[in-house]
Each structure stands twice: as C-alpha cells, then as structure tokens.
Amino acid sequence: DLADLQFLGLQGMIDPPRESAVTAVSQCKEAGIRTVMITGDHPDTAQAVARQLGIDADRVMTGTELSQLDEAGYRNVVERVSVFARGAPEHTKAIAEALQQLDHVVAMTGDGVKVAPAGKAADIGVAMGKSGTEVARESSDMVLADDNFATIVAAVEEGRHAWNNLRKAILYTLPTNAAQALLIMGAVLMAAFVPLFSVRFVLEPVQILWVNLLDSVLLTMPLMMEQKERGLLQQPPRPAGAHIIDALFLQRVVLLGLAISIPGFLIYYHFGSPAVVNGELVDTLLLTQAQTAAFWAILFAHFGYVISARSVYGSAFTFNPFSNRWLLAGIVLSLVIRFIPTLVPGAATLFRTAAFPAEWWPLILACFFPSFLAIEADKLVRKMMTPVAAPQSLPA
C-alpha cells in the first residue's frame with residue numbers, strides 16, 4: 001500500500017565516461033578505426049553515453065529490433081548503426097560476425113559474460129583484467145591489466161610501430177642481398193667482354209660472407225630499434241590481407257640493387273683495369289687492392305641506403321639523424337671492424353684484401369650517395385604521385 005507517503009526528494013546518479021576513453025575514441029576515428037557500442041542499458045542512456053564518447057549515435061537499435069533481422073539484415077544494419085541497446089549475448093555475437101562478413105577486422109572488448117561468445121567469434125577478443133568476469137578473460141585473446149579502453153589504442157599504435165620496423169628491416173635486407181647477386185651475375189655476363197671480370201669477380205666469396213654475416217646484422221638489427229614515427233595513428237590501417245613483400249618492395253629491390261652494385265662495379269673497374277693487360281693478370285697486388293676498394297665501396301653504399309631506410313616513405317631530411325643510437329653504433333662498429341681484413345696481415349690474407357693508396361678514398365666515399373639519392377628520389381616521386389588516402393573504416 002503506497003498511500004499516505006510523503007515525497008522527500010529525488011536522487012540522480014551518473015557514471016561519466018573517462019576522459020581517456022573520450023580521447024581514445026577520437027584517436028580511433030583518426031586511425032580509421034570505427035568504434036561500435038553494444039550495451040544492455042536503455043536506448044536513451046546508450047545514446048547519451050555514446051554522444052559523450054564521440055560515437056555516432058543518431059540511430060540506436062535495440063535487441064528487440066535485432067531479433068527480427070536475418071543475416072542480410074544484420075549486414076545492412078551494422079554498416080549504418082554504431083550504437084546498440086538492450087542487446088543479448090547472441091546479438092553481440094551476430095553483430096561481430098556480420099562485420100566480419102563485410103571484410104572488417106573486429107576487436108570485441110567488454111567485461112561481462114555476454115561478450116564471451118562475441119569475443120570468441122571476433123578476430124581478437126579483449127577482456128578487462130580487473131572488472132572482467134572469468135568467462136570473459138578465458139575466452140579472450142588479450143586481457144587489459146588496467147581496464148582502460150585507451151590501452152587498446154596504445155596497443156594499436158605499438159602494433160603499427162612493430163610492423164613498420166619489421167618492414168624496414170626486410171626492405172633493407174632484400175636490396176642489399178640483390179646487390180650482391182647482381183655483382184656476381186654482372187661479372188659473369190661481362191666476363192666475355194671485359195677481361196678484368198674473367199680474372200676475378202668484384203668481391204671474393206669470403207668478402208660476400210663478411211657482408212652477409214657482419215654488415216647486414218650490424219645495420220639491419222638497429223632498424224628494428226627505430227623509434228616510433230610521427231602520426232602513426234593518423235595513417236589509414238593496412239588491409240587485413242596485406243603482405244610485407246609488395247610492389248614497393250620489388251621496385252626498391254631493383255632500384256637499390258643497382259644503386260649499390262653499380263658503384264662497386266665502377267670502383268673495381270676503375271682501379272683494377274691496369275692490372276689486366278690483353279686478358280693476362282700483370283699486377284696481382286693492384287687487382288687485390290681494387291677488390292678491397294670495391295669491398296669498401298659496397299659498405300658506404302650500404303650506409304647511404306640504411307640512413308634513408310629508417311622510414312619507408314618519409315625523407316631522411318625529416319627526422320633526427322641522431323635519434324637511433326643503435327644504428328649509429330652499428331655504422332661505427334661496421335666501419336671499425338672493416339679495417340681488420342684490410343690492415344691486419346693475417347686477416348688480409350684470409351679475406352684476400354690489401355691496403356690501397358689514400359688517394360682512392362674520395363671515390364670510395366662518394367659511393368655513399370647513389371643509394372641514398374636513389375631512395376630519397378623514389379620517396380619524393382611517390383609522395384608527389386600518390387594522393388592522401390582517406391582513412392579506412394575498420395570496426396573495433
């Protein structure tokens with residue numbers, strides 16, 4: 001019986017979204033990631049919270065409406081609606097599957113039991129480590145230790161950073177290996193026309209082994225330590241089926257392979273030609289010195305490439321040349337140890353090298369520029385010819 005009651009007052013409570021969550025949703029939008037909210041709350045509450053977060057809330061669908069849809073209906077709805085209220089676990093799972101059918105990459109996050117089926121069906125399930133249920137944590141691929149949605153955005157940035165650095169390292173390794181292959185194949189093809197190349201190749205096998213085991217490691221591994229590039233979250237996400245080896249890689253393998261190998265050929269030919277007269281070797285020491293000079297020329301060509309290889313698209317003139325100390329250390333170390341096979345008598349015999357005249361150094365040092373200028377020109381041309389891509393919409 002509610003008779004004879006006296007109204008004393010009304011209390012209202014609010015659980016406002018974290019400021020970090022509002023910022024994270026905005027960052028997701030910049031990164032081309034679409035944020036979809038599915039809640040069990042009343043539609044009006046869901047709409048109000050979504051607007052506070054910056055999620056498109058012009059249209060809110062309820063679980064009752066979703067129950068009346070078939071698969072085609074779901075696919076049509078999930079492209080247009082970003083807020084769902086009064087949803088049941090089966091609705092959440094169906095939404096995730098509909099997005100996947102539309103070729104979206106789906107990350108599902110939540111802390112309740114109802115997100116467990118959807119987290120399992122999504123490309124990656126993200127559970128809350130503190131407030132999340134045991135079922136949600138067990139069914140997810142990743143658990144947030146701090147229960148902060150902004151952590152997911154940070155993880156996206158770290159993922160892009162790791163992918164970029166892996167790509168840089170591989171994109172450096174392939175053209176340098178291609179250059180060595182071109183040195184061998186070019187010498188074989190030219191041997192019939194240029195007697196110098198029939199006497200000896202540009203590099204000895206043991207010198208190629210040195211380049212592969214020492215120079216490549218000392219200059220490739222530091223690229224994996226490269227700092228984050230600016231604007232990672234402002235770049236559109238890569239397609240789910242993207243490959244590291246693409247048309248860009250193949251083009252640069254050819255371009256940089258030539259830019260590195262040709263200086264080695266020219267240095268060897270320029271200094272070594274007098275050692276071969278009428279197809280006969282007349283000066284063994286001079287030919288060994290010419291090989292050693294080419295050995296050094298290839299190293300400086302690698303230096304020119306690796307300095308610009310710190311960014312796949314950005315010019316070397318746009319980032320701090322001293323920000324990657326690991327790379328600087330790798331360059332210095334590879335430079336210092338290169339004197340071992342050149343100047344140490346026992347090592348010189350093993351690596352078939354010899355000290356050469358000091359006046360040869362200017363031409364050898366100039367081998368730094370072809371590879372550096374080739375990749376910088378390639379970046380500039382691509383920047384001029386490629387329009388700015390609009391962010392892709394990948395739901396999360």
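Contact here means heavy atoms within 4.5 Å. Keep that in mind as you click through this predicted model.

**Stop one: helix H4**

Start by selecting residues 71-78, which make up helix H4. Which of its residues are buried? Colour Gly73, Tyr74, Val77 and Val78, and you have them. Now turn the view until you look down the axis of H4: the buried residues fall within an arc of 120 degrees, so they line one face of the helix. The general pattern is worth knowing here: an α-helix has 3.6 residues a turn, so residues three or four places apart point the same way.

What do the buried residues of H4 pack against? Show strand S1 (33-34), strand S3 (60-62), helix H3 (63-66), strand S4 (83-85) and helix H5 (89-101).

**Stop two: Thr64, in helix H3**

From that group, pick out Thr64, which is found in helix H3. Is Thr64 buried or exposed? With a relative accessible area of 56%, Thr64 is exposed, because the cut-off for that class is over 50%. Next, add His91 to the selection and draw a line between the two C-alpha atoms: they are separated by 9.6 Å, while the residues are 27 apart along the chain.

**Stop three: the sheet with S3 and S4**

Switch to the strands. S2, S4 and S3, in that order, form an open sheet of 3 strands with parallel pairing. Its edge strands are S2 (37-38) and S3, each of which pairs on one side only. Zoom in on S3 and S4, which run parallel and are joined by 3 bridges. Thr62 makes a handy landmark, as you'll find it opposite Ala85 in S4.

Then step along to Arg86, in the loop between S4 and H5. Arg86 isn't a glycine, yet its phi is positive, near 50 degrees. At 46% relative accessibility, this arginine counts as partly exposed.

**Stop four: another open sheet**

Select S5, S6 and S7 next: they make an open sheet of 3 strands in that order, with parallel pairing. Strand S5 (107-110) and strand S7 (142-144) stand at the edges with a single partner strand each, so one side of each has no neighbour in the sheet. From one strand to the next, the twist averages 20 degrees. S5 pairs with strand S6 (residues 124-128) in the parallel sense, over 4 bridges. To see the two strands side by side, label Met108 and look opposite, where Gly125 sits in S6.

**Stop five: helix H10 and its surroundings**

Now select residues 205-220, helix H10. Its 16 residues should span 22 Å at 1.5 Å a residue, and the end C-alpha atoms are 21 Å apart, which agrees. Where is the kink in H10 centred? Look at Val211, where H10 has a kink of about 30 degrees.

Val211 is also one of the buried residues of H10, and others include Gln207, Ile208, Trp210 and Leu218. To see what covers them, show helices including H8 (149-190), H12 (284-308) and H13 (325-337).

Within H8, choose Gln180. This residue is buried, with a relative accessible area of 6%. Among residues beyond four places away in sequence, Gln180 touches Ile208, Val211 and Asn212.

**Last stop: Arg352**

Finish at Arg352, in the loop between H15 and helix H16 (361-365). Although Arg352 is not a glycine, it has a positive phi of about 55 degrees. With a relative accessible area of 39%, Arg352 is partly exposed.

Notes:
Residues are numbered from 1 along each chain as its sequence is written. This is a predicted model: local features need pLDDT of at least 70, side-chain atom pairs count only at pLDDT 80 or more; totals for chains, interfaces and linings use all residues. Side-chain values use heavy atoms; hydrogens and water are left out. Two strands pair if DSSP finds at least two bridges between them. Axes are lines fitted to C-alpha atoms, for helices over the stretch in contact, and angles run from 0 to 180 degrees between N-to-C directions. The expected span of a helix is 1.5 Å times one less than its number of residues. The bend at a residue is the angle between axes fitted to the seven residues ending there and the seven starting there. Buried means under 20% relative accessible area, exposed over 50%, partly exposed in between (1.4 Å probe, protein chains only). The arc is that of the directions from the helix axis to the C-beta atoms.
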